[in-house]
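Student: Could you take me through one part of this model closely, namely the open sheet and the helices that lie against it?

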Amino acid sequence: MFAQIRWRLLLSYLTVFTSILVIFAAGVRLLFARSLTQQLTDRLTALGQGAATNAEFDNGRLKVESDFIVQQLIHKNQGLEWFNLNQKSILKQGNIGLNLPLSLSKSPIQFSNKNFNIQAVVVPIISNDNGKIIGYIRVSQSLEEVDETLTKLDLILGSSIIIALIFSGFSGVILTRQAMQPIEESFQRLKQFTADASHELRSPLMAIKSNAAVALKYPEKMRKSDVEKFQAIVSAANQMTHLTEDLLLLARSEKKCDRRENSVNLTAILSNLLSLYQPEATAKEIDLKSETGEDMYLLGNAGQLTRLFANLIENALHYTLSGGTVEVTANLVRSYLIVSVQDTGAGIAPEHIKLVFERFWRADESRSYWKGGSGLGLAIAKTIAQNHGGSITLTSQVGVGSCFTVRLPSVKISDNSQD
Ligand code: ADP
(Lines give C-alpha, C1' and ligand atoms only; values in the text may rest on other atoms or scores of the structure.)
Protein backbone atom coordinates (compact mmCIF):
# COMPACT_ATOMS: atom_id res chain seq x y z
CA MET A 1 0.00 0.00 0.00
CA PHE A 2 2.74 2.47 1.03
CA ALA A 3 4.88 1.54 -1.98
CA GLN A 4 1.93 2.49 -4.18
CA ILE A 5 1.49 5.85 -2.37
CA ARG A 6 5.25 6.51 -2.66
CA TRP A 7 5.18 5.87 -6.42
CA ARG A 8 2.10 8.03 -6.86
CA LEU A 9 3.75 10.85 -4.88
CA LEU A 10 6.93 10.54 -6.93
CA LEU A 11 4.95 10.51 -10.17
CA SER A 12 2.96 13.62 -9.18
CA TYR A 13 6.16 15.39 -8.11
CA LEU A 14 7.90 14.51 -11.39
CA THR A 15 4.84 15.55 -13.44
CA VAL A 16 4.75 18.96 -11.74
CA PHE A 17 8.52 19.39 -12.03
CA THR A 18 8.51 18.36 -15.72
CA SER A 19 5.68 20.79 -16.48
CA ILE A 20 7.59 23.64 -14.77
CA LEU A 21 10.80 22.77 -16.67
CA VAL A 22 9.00 22.50 -20.01
CA ILE A 23 7.17 25.83 -19.50
CA PHE A 24 10.45 27.48 -18.47
CA ALA A 25 12.33 25.99 -21.46
CA ALA A 26 9.56 27.01 -23.86
CA GLY A 27 9.70 30.58 -22.44
CA VAL A 28 13.50 30.75 -22.81
CA ARG A 29 13.31 29.43 -26.37
CA LEU A 30 10.58 31.89 -27.32
CA LEU A 31 12.51 34.88 -25.92
CA PHE A 32 15.75 33.72 -27.51
CA ALA A 33 14.10 33.16 -30.92
CA ARG A 34 12.47 36.61 -30.74
CA SER A 35 15.73 38.26 -29.82
CA LEU A 36 17.56 36.51 -32.71
CA THR A 37 14.86 37.56 -35.19
CA GLN A 38 14.95 41.13 -33.86
CA GLN A 39 18.75 41.27 -34.20
CA LEU A 40 18.45 39.98 -37.77
CA THR A 41 15.75 42.53 -38.58
CA ASP A 42 17.99 45.34 -37.25
CA ARG A 43 20.94 44.07 -39.33
CA LEU A 44 18.86 43.79 -42.50
CA THR A 45 17.32 47.24 -41.97
CA ALA A 46 20.80 48.79 -41.48
CA LEU A 47 22.02 47.06 -44.66
CA GLY A 48 18.95 48.24 -46.58
CA GLN A 49 19.41 51.80 -45.37
CA GLY A 50 23.09 51.74 -46.41
CA ALA A 51 22.16 50.47 -49.85
CA ALA A 52 19.37 53.03 -50.16
CA THR A 53 21.87 55.93 -49.92
CA ASN A 54 23.56 54.60 -53.05
CA ALA A 55 20.44 54.76 -55.19
CA GLU A 56 19.21 57.89 -56.92
CA PHE A 57 16.45 59.08 -59.19
CA ASP A 58 17.76 60.08 -62.57
CA ASN A 59 15.50 61.28 -65.39
CA GLY A 60 12.50 59.67 -63.80
CA ARG A 61 14.34 56.37 -63.41
CA LEU A 62 15.84 54.75 -60.35
CA LYS A 63 19.58 54.18 -60.68
CA VAL A 64 22.05 52.46 -58.38
CA GLU A 65 25.51 54.03 -58.26
CA SER A 66 28.03 51.93 -60.14
CA ASP A 67 30.77 52.38 -57.50
CA PHE A 68 28.55 50.77 -54.85
CA ILE A 69 30.15 47.33 -54.48
CA VAL A 70 27.35 45.35 -52.94
CA GLN A 71 29.21 42.02 -52.81
CA GLN A 72 31.61 43.46 -50.22
CA LEU A 73 28.78 44.46 -47.95
CA ILE A 74 26.51 41.49 -48.02
CA HIS A 75 26.99 38.08 -46.59
CA LYS A 76 26.75 34.93 -48.73
CA ASN A 77 23.32 34.12 -47.39
CA GLN A 78 21.93 37.60 -47.98
CA GLY A 79 20.31 39.21 -51.00
CA LEU A 80 19.36 42.74 -52.08
CA GLU A 81 16.69 43.70 -54.56
CA TRP A 82 15.86 47.21 -55.77
CA PHE A 83 12.32 48.13 -56.82
CA ASN A 84 11.02 51.26 -58.47
CA LEU A 85 7.87 53.06 -57.35
CA ASN A 86 5.79 50.74 -59.52
CA GLN A 87 7.18 47.90 -57.40
CA LYS A 88 9.01 46.52 -60.43
CA SER A 89 12.30 44.80 -59.70
CA ILE A 90 15.19 46.66 -61.37
CA LEU A 91 18.28 45.07 -59.82
CA LYS A 92 19.18 41.99 -57.77
CA GLN A 93 22.41 41.34 -55.90
CA GLY A 94 23.58 38.48 -53.66
CA ASN A 95 22.83 34.80 -53.42
CA ILE A 96 19.29 35.03 -52.11
CA GLY A 97 16.89 35.85 -54.89
CA LEU A 98 13.19 35.93 -54.20
CA ASN A 99 10.86 35.59 -57.15
CA LEU A 100 8.08 37.15 -55.19
CA PRO A 101 6.17 40.39 -55.65
CA LEU A 102 7.10 43.23 -53.29
CA SER A 103 5.04 43.48 -50.15
CA LEU A 104 5.22 46.89 -48.46
CA SER A 105 4.88 45.63 -44.93
CA LYS A 106 6.73 47.52 -42.20
CA SER A 107 7.35 44.40 -40.15
CA PRO A 108 9.77 41.70 -41.31
CA ILE A 109 8.35 39.04 -43.60
CA GLN A 110 9.25 35.36 -43.50
CA PHE A 111 9.15 33.05 -46.54
CA SER A 112 9.74 29.39 -46.93
CA ASN A 113 12.13 28.35 -49.64
CA LYS A 114 12.53 24.70 -50.71
CA ASN A 115 15.55 24.19 -48.45
CA PHE A 116 15.39 26.93 -45.83
CA ASN A 117 13.39 29.81 -44.42
CA ILE A 118 14.07 33.40 -45.43
CA GLN A 119 13.45 36.65 -43.61
CA ALA A 120 13.11 39.89 -45.55
CA VAL A 121 12.69 43.58 -44.69
CA VAL A 122 11.64 46.33 -47.07
CA VAL A 123 13.33 49.74 -46.75
CA PRO A 124 12.08 52.77 -48.70
CA ILE A 125 14.60 54.74 -50.79
CA ILE A 126 14.21 58.44 -49.94
CA SER A 127 15.36 61.08 -52.41
CA ASN A 128 18.08 63.38 -51.04
CA ASP A 129 16.58 66.28 -53.06
CA ASN A 130 12.94 66.33 -51.99
CA GLY A 131 12.71 63.70 -49.28
CA LYS A 132 10.16 61.69 -51.29
CA ILE A 133 10.10 57.92 -51.66
CA ILE A 134 11.67 57.01 -55.00
CA GLY A 135 11.78 53.25 -54.69
CA TYR A 136 12.27 50.31 -52.33
CA ILE A 137 14.97 47.92 -51.32
CA ARG A 138 14.17 44.43 -50.16
CA VAL A 139 16.92 42.89 -48.07
CA SER A 140 16.65 39.16 -47.40
CA GLN A 141 18.65 36.62 -45.52
CA SER A 142 18.25 32.88 -45.15
CA LEU A 143 17.39 31.79 -41.61
CA GLU A 144 19.73 28.78 -41.74
CA GLU A 145 22.03 30.20 -39.06
CA VAL A 146 19.12 31.20 -36.83
CA ASP A 147 17.54 27.75 -37.25
CA GLU A 148 20.88 26.08 -36.48
CA THR A 149 21.30 28.18 -33.33
CA LEU A 150 17.72 27.34 -32.27
CA THR A 151 18.29 23.62 -32.91
CA LYS A 152 21.40 23.77 -30.71
CA LEU A 153 19.40 25.59 -28.04
CA ASP A 154 16.65 22.93 -28.28
CA LEU A 155 19.24 20.20 -27.80
CA ILE A 156 20.79 21.96 -24.81
CA LEU A 157 17.39 22.63 -23.22
CA GLY A 158 16.13 19.09 -23.95
CA SER A 159 19.19 17.39 -22.52
CA SER A 160 19.20 19.74 -19.50
CA ILE A 161 15.56 18.80 -18.82
CA ILE A 162 16.37 15.08 -19.08
CA ILE A 163 19.41 15.40 -16.77
CA ALA A 164 17.39 17.51 -14.30
CA LEU A 165 14.60 14.90 -14.36
CA ILE A 166 17.01 12.03 -13.73
CA PHE A 167 18.55 13.86 -10.75
CA SER A 168 15.19 14.96 -9.38
CA GLY A 169 13.83 11.40 -9.89
CA PHE A 170 16.62 10.03 -7.69
CA SER A 171 16.23 12.76 -5.08
CA GLY A 172 12.42 12.35 -5.30
CA VAL A 173 12.75 8.65 -4.39
CA ILE A 174 14.85 9.56 -1.33
CA LEU A 175 12.57 12.45 -0.32
CA THR A 176 9.30 10.51 -0.66
CA ARG A 177 10.84 7.66 1.34
CA GLN A 178 11.83 10.12 4.08
CA ALA A 179 8.43 11.84 4.00
CA MET A 180 6.51 8.56 4.18
CA GLN A 181 8.64 7.00 6.90
CA PRO A 182 6.92 8.65 9.90
CA ILE A 183 3.49 7.93 8.38
CA GLU A 184 4.41 4.30 7.80
CA GLU A 185 5.74 3.99 11.34
CA SER A 186 2.64 5.49 12.92
CA PHE A 187 0.45 3.27 10.71
CA GLN A 188 2.39 0.22 11.88
CA ARG A 189 1.99 1.36 15.51
CA LEU A 190 -1.76 1.82 14.95
CA LYS A 191 -2.02 -1.65 13.43
CA GLN A 192 -0.05 -3.13 16.29
CA PHE A 193 -2.30 -1.31 18.75
CA THR A 194 -5.43 -2.70 17.00
CA ALA A 195 -3.97 -6.20 17.10
CA ASP A 196 -2.92 -5.87 20.77
CA ALA A 197 -6.20 -4.29 21.85
CA SER A 198 -8.23 -6.96 20.04
CA HIS A 199 -6.09 -9.66 21.59
CA GLU A 200 -6.36 -8.18 25.08
CA LEU A 201 -10.14 -7.80 24.76
CA ARG A 202 -10.59 -11.52 24.12
CA SER A 203 -10.15 -12.64 27.76
CA PRO A 204 -12.51 -10.09 29.42
CA LEU A 205 -15.08 -10.79 26.71
CA MET A 206 -14.76 -14.49 27.33
CA ALA A 207 -15.22 -13.84 31.08
CA ILE A 208 -18.34 -11.73 30.47
CA LYS A 209 -19.79 -14.39 28.17
CA SER A 210 -19.08 -17.33 30.47
CA ASN A 211 -20.38 -15.52 33.57
CA ALA A 212 -23.56 -14.50 31.78
CA ALA A 213 -23.93 -18.06 30.47
CA VAL A 214 -23.57 -19.42 34.01
CA ALA A 215 -26.27 -17.05 35.22
CA LEU A 216 -28.53 -18.11 32.32
CA LYS A 217 -28.17 -21.79 33.31
CA TYR A 218 -30.82 -21.27 35.98
CA PRO A 219 -33.32 -18.88 34.39
CA GLU A 220 -36.14 -20.10 36.64
CA LYS A 221 -34.40 -18.52 39.66
CA MET A 222 -34.33 -15.10 38.00
CA ARG A 223 -36.91 -12.50 37.14
CA LYS A 224 -37.92 -12.51 33.45
CA SER A 225 -36.50 -9.00 32.96
CA ASP A 226 -33.14 -10.13 34.38
CA VAL A 227 -33.03 -13.12 32.02
CA GLU A 228 -33.55 -10.75 29.10
CA LYS A 229 -30.72 -8.52 30.37
CA PHE A 230 -28.32 -11.46 30.61
CA GLN A 231 -29.31 -12.62 27.13
CA ALA A 232 -28.58 -9.12 25.84
CA ILE A 233 -25.17 -9.24 27.57
CA VAL A 234 -24.34 -12.57 25.90
CA SER A 235 -25.48 -11.27 22.50
CA ALA A 236 -23.43 -8.06 22.84
CA ALA A 237 -20.39 -10.02 24.05
CA ASN A 238 -20.75 -12.36 21.03
CA GLN A 239 -20.87 -9.39 18.67
CA MET A 240 -17.82 -7.84 20.28
CA THR A 241 -15.92 -11.14 20.13
CA HIS A 242 -16.74 -11.37 16.43
CA LEU A 243 -15.58 -7.78 15.90
CA THR A 244 -12.31 -8.20 17.81
CA GLU A 245 -11.58 -11.43 15.91
CA ASP A 246 -12.17 -9.62 12.61
CA LEU A 247 -9.90 -6.73 13.64
CA LEU A 248 -7.22 -9.14 14.82
CA LEU A 249 -7.44 -11.05 11.55
CA LEU A 250 -7.12 -7.83 9.54
CA ALA A 251 -4.15 -6.61 11.58
CA ARG A 252 -2.42 -9.99 11.38
CA SER A 253 -3.23 -10.88 7.79
CA GLU A 254 -1.35 -7.80 6.56
CA LYS A 255 1.84 -9.19 8.03
CA LYS A 256 3.09 -11.43 5.22
CA CYS A 257 5.56 -13.16 7.54
CA ASP A 258 2.66 -14.43 9.65
CA ARG A 259 1.26 -16.42 6.74
CA ARG A 260 1.84 -20.12 6.59
CA GLU A 261 1.85 -21.00 2.92
CA ASN A 262 0.88 -24.49 1.81
CA SER A 263 -0.66 -25.95 -1.25
CA VAL A 264 -4.39 -25.55 -0.65
CA ASN A 265 -7.15 -27.45 -2.44
CA LEU A 266 -9.59 -24.70 -3.40
CA THR A 267 -12.20 -27.13 -4.75
CA ALA A 268 -12.32 -28.86 -1.36
CA ILE A 269 -12.67 -25.52 0.49
CA LEU A 270 -15.57 -24.47 -1.72
CA SER A 271 -17.35 -27.79 -1.50
CA ASN A 272 -17.03 -27.79 2.34
CA LEU A 273 -18.43 -24.28 2.48
CA LEU A 274 -21.32 -25.19 0.20
CA SER A 275 -22.23 -28.12 2.46
CA LEU A 276 -21.95 -25.82 5.49
CA TYR A 277 -24.27 -23.15 4.06
CA GLN A 278 -26.73 -25.52 2.34
CA PRO A 279 -29.04 -25.79 5.41
CA GLU A 280 -29.22 -21.99 5.71
CA ALA A 281 -29.98 -21.70 1.98
CA THR A 282 -32.68 -24.37 2.22
CA ALA A 283 -34.22 -22.65 5.23
CA LYS A 284 -34.34 -19.37 3.29
CA GLU A 285 -35.58 -21.15 0.12
CA ILE A 286 -32.55 -19.98 -1.81
CA ASP A 287 -31.15 -22.15 -4.60
CA LEU A 288 -27.45 -22.53 -3.68
CA LYS A 289 -25.67 -23.90 -6.76
CA SER A 290 -22.05 -24.58 -7.56
CA GLU A 291 -19.97 -25.32 -10.61
CA THR A 292 -16.33 -26.01 -9.92
CA GLY A 293 -13.68 -27.68 -12.04
CA GLU A 294 -11.53 -30.64 -10.99
CA ASP A 295 -9.19 -30.21 -7.99
CA MET A 296 -7.65 -26.76 -8.18
CA TYR A 297 -4.73 -25.75 -6.01
CA LEU A 298 -3.06 -22.56 -4.89
CA LEU A 299 -0.37 -21.55 -2.44
CA GLY A 300 -1.74 -19.95 0.68
CA ASN A 301 -3.38 -20.20 4.04
CA ALA A 302 -6.37 -22.56 4.05
CA GLY A 303 -7.96 -20.86 7.08
CA GLN A 304 -7.81 -17.42 5.51
CA LEU A 305 -9.06 -18.64 2.13
CA THR A 306 -11.99 -20.37 3.83
CA ARG A 307 -12.76 -17.09 5.60
CA LEU A 308 -12.64 -15.18 2.30
CA PHE A 309 -15.17 -17.40 0.50
CA ALA A 310 -17.29 -17.87 3.63
CA ASN A 311 -17.71 -14.08 3.83
CA LEU A 312 -18.82 -13.89 0.20
CA ILE A 313 -21.26 -16.82 0.40
CA GLU A 314 -22.62 -15.59 3.77
CA ASN A 315 -23.24 -12.12 2.32
CA ALA A 316 -24.84 -13.54 -0.83
CA LEU A 317 -27.25 -15.59 1.31
CA HIS A 318 -27.97 -12.67 3.65
CA TYR A 319 -28.70 -10.15 0.91
CA THR A 320 -30.81 -12.48 -1.27
CA LEU A 321 -34.53 -12.94 -0.64
CA SER A 322 -36.41 -16.27 -0.64
CA GLY A 323 -36.78 -17.76 -4.11
CA GLY A 324 -33.44 -16.25 -5.23
CA THR A 325 -30.31 -17.99 -6.42
CA VAL A 326 -26.69 -17.98 -5.22
CA GLU A 327 -24.19 -19.57 -7.59
CA VAL A 328 -20.54 -20.31 -6.85
CA THR A 329 -18.31 -21.08 -9.82
CA ALA A 330 -14.57 -21.76 -9.94
CA ASN A 331 -12.46 -22.10 -13.05
CA LEU A 332 -8.80 -22.24 -13.97
CA VAL A 333 -8.03 -19.57 -16.55
CA ARG A 334 -4.41 -19.77 -17.68
CA SER A 335 -2.48 -19.66 -14.40
CA TYR A 336 -5.26 -18.02 -12.37
CA LEU A 337 -8.15 -19.45 -10.40
CA ILE A 338 -11.29 -17.42 -10.97
CA VAL A 339 -13.96 -17.90 -8.32
CA SER A 340 -17.22 -16.00 -8.57
CA VAL A 341 -20.07 -15.78 -6.11
CA GLN A 342 -23.15 -14.52 -7.88
CA ASP A 343 -26.50 -13.79 -6.30
CA THR A 344 -29.89 -12.49 -7.34
CA GLY A 345 -30.11 -10.30 -4.23
CA ALA A 346 -30.55 -6.64 -3.42
CA GLY A 347 -27.59 -5.49 -5.52
CA ILE A 348 -25.30 -2.56 -4.76
CA ALA A 349 -25.64 0.96 -6.17
CA PRO A 350 -22.84 2.00 -8.59
CA GLU A 351 -21.65 4.78 -6.22
CA HIS A 352 -21.25 2.20 -3.42
CA ILE A 353 -19.31 -0.40 -5.41
CA LYS A 354 -15.90 1.07 -4.48
CA LEU A 355 -16.94 1.63 -0.85
CA VAL A 356 -18.02 -1.93 -0.04
CA PHE A 357 -14.41 -3.03 0.44
CA GLU A 358 -13.72 -0.24 2.97
CA ARG A 359 -13.54 -1.15 6.63
CA PHE A 360 -16.78 -0.65 8.59
CA TRP A 361 -18.70 0.48 5.49
CA ARG A 362 -22.26 -0.81 5.29
CA ALA A 363 -25.01 0.19 2.87
CA ASP A 364 -28.03 2.08 4.13
CA GLU A 365 -29.43 0.01 7.02
CA SER A 366 -32.92 0.29 5.54
CA ARG A 367 -31.62 -1.68 2.51
CA SER A 368 -29.89 -4.30 4.63
CA TYR A 369 -31.88 -7.36 5.54
CA TRP A 370 -29.15 -8.53 7.86
CA LYS A 371 -28.51 -6.42 10.90
CA GLY A 372 -25.71 -8.45 12.46
CA GLY A 373 -22.77 -7.55 10.19
CA SER A 374 -19.91 -5.32 11.23
CA GLY A 375 -18.93 -4.02 7.79
CA LEU A 376 -15.54 -5.75 7.98
CA GLY A 377 -16.36 -8.89 5.96
CA LEU A 378 -15.47 -7.56 2.51
CA ALA A 379 -12.44 -5.63 3.82
CA ILE A 380 -11.16 -8.94 5.20
CA ALA A 381 -11.96 -10.72 1.91
CA LYS A 382 -10.03 -8.08 -0.06
CA THR A 383 -7.01 -8.20 2.29
CA ILE A 384 -6.87 -12.01 2.11
CA ALA A 385 -7.14 -11.99 -1.71
CA GLN A 386 -4.36 -9.38 -1.96
CA ASN A 387 -2.15 -11.27 0.51
CA HIS A 388 -2.43 -14.29 -1.78
CA GLY A 389 -1.27 -12.25 -4.77
CA GLY A 390 -4.81 -11.93 -6.11
CA SER A 391 -7.65 -9.47 -6.34
CA ILE A 392 -11.38 -9.18 -5.79
CA THR A 393 -13.80 -7.29 -8.00
CA LEU A 394 -17.50 -6.61 -7.88
CA THR A 395 -20.16 -6.10 -10.53
CA SER A 396 -23.63 -5.34 -9.32
CA GLN A 397 -26.98 -3.92 -10.29
CA VAL A 398 -29.55 -2.75 -7.78
CA GLY A 399 -32.55 -5.09 -7.74
CA VAL A 400 -30.84 -7.61 -10.05
CA GLY A 401 -27.95 -8.98 -7.99
CA SER A 402 -24.23 -8.91 -7.35
CA CYS A 403 -21.25 -10.91 -8.53
CA PHE A 404 -18.00 -10.95 -6.53
CA THR A 405 -15.07 -12.33 -8.55
CA VAL A 406 -11.87 -13.46 -6.85
CA ARG A 407 -8.73 -13.98 -8.95
CA LEU A 408 -5.94 -15.98 -7.34
CA PRO A 409 -2.69 -17.39 -8.76
CA SER A 410 -2.89 -21.18 -9.04
CA VAL A 411 -0.19 -23.77 -8.47
CA LYS A 412 0.35 -27.26 -9.94
CA ILE A 413 -0.11 -29.94 -7.28
CA SER A 414 2.82 -32.01 -8.61
CA ASP A 415 5.20 -29.23 -7.51
CA ASN A 416 3.91 -28.99 -3.95
CA SER A 417 2.50 -31.11 -1.22
CA GLN A 418 -1.16 -30.78 -0.31
CA ASP A 419 -2.11 -28.96 2.91
P1 ADP B 1 -21.30 -6.80 6.61
O2 ADP B 1 -20.74 -7.34 7.84
O3 ADP B 1 -22.14 -5.60 6.81
O4 ADP B 1 -21.90 -7.81 5.70
P5 ADP B 1 -19.38 -6.60 4.54
O6 ADP B 1 -18.06 -5.92 4.49
O7 ADP B 1 -19.41 -8.06 4.30
O8 ADP B 1 -20.02 -6.23 5.91
O9 ADP B 1 -20.32 -5.90 3.52
C10 ADP B 1 -20.37 -4.47 3.48
C11 ADP B 1 -21.68 -4.04 2.89
O12 ADP B 1 -21.71 -4.39 1.51
C13 ADP B 1 -22.88 -4.73 3.49
O14 ADP B 1 -23.32 -4.03 4.64
C15 ADP B 1 -23.89 -4.65 2.38
O16 ADP B 1 -24.51 -3.39 2.40
C17 ADP B 1 -23.03 -4.71 1.13
N18 ADP B 1 -23.01 -6.08 0.54
C19 ADP B 1 -22.04 -7.03 0.71
N20 ADP B 1 -22.34 -8.14 0.02
C21 ADP B 1 -23.51 -7.89 -0.62
C22 ADP B 1 -24.34 -8.65 -1.51
N23 ADP B 1 -24.02 -9.89 -1.89
N24 ADP B 1 -25.47 -8.07 -1.97
C25 ADP B 1 -25.78 -6.81 -1.61
N26 ADP B 1 -25.05 -6.04 -0.78
C27 ADP B 1 -23.93 -6.57 -0.27
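Tutor: Two strands are said to pair if DSSP finds at least two bridges between them, and the strands themselves (E, at least two residues), like the helices (H or I, at least four residues), are DSSP runs numbered from the N terminus. This is a predicted model, in which local features need pLDDT of at least 70 and side-chain atom pairs count only at pLDDT 80 or more, while totals for chains, interfaces and linings use all residues. Residues are numbered from 1 along each chain as its sequence is written, and side-chain values use heavy atoms, with hydrogens and water left out.

The sheet is open and is formed by 5 strands, which follow the order β9-β11-β12-β14-β13 with mixed pairing. Because β9 (287–292) and β13 (391–397) stand at the edges, each has a single partner strand, and one side of each is left without a neighbour in the sheet. From one strand to the next the twist averages 10°, where angles run from 0 to 180 degrees between N-to-C directions and axes are lines fitted to C-alpha atoms, for helices over the stretch in contact. At one edge, β9 pairs with β11 (residues 325–333) in the parallel sense over 6 bridges, and here Leu288 stands opposite Val326 in β11.

Helix α5 (residues 266–283) packs on the sheet by touching β9, β11 and β12 (336–343), and its direction makes about 170° with that of β9; contact here means heavy atoms within 4.5 Å. Helix α7 also packs on the sheet, touching β13 and β14 (401–409), with a direction at about 140° to that of β13.

Helix α7 (residues 377–387) has a helical partner as well, since its axis and that of α6 (residues 302–318) come within 9 Å and cross at roughly 140°. The two helices are therefore oblique to each other, the word used for what remains once angles under 35 degrees count as roughly parallel, over 145 as roughly antiparallel and 65 to 115 as roughly perpendicular. The crossing of α6 past α7 is left-handed, meaning that the near helix is turned anticlockwise from the far one by less than a right angle. Among the residues that meet are Leu305, Leu308 and Leu312 in α6, and Leu378, Ile380 and Ile384 in α7. By class, this contact has 8 nonpolar, 4 polar and 1 charged residues, with Ala, Val, Leu, Ile, Met, Phe, Trp, Tyr, Cys and Pro taken as nonpolar, Asp, Glu, Lys and Arg as charged, and the others, Gly among them, as polar.
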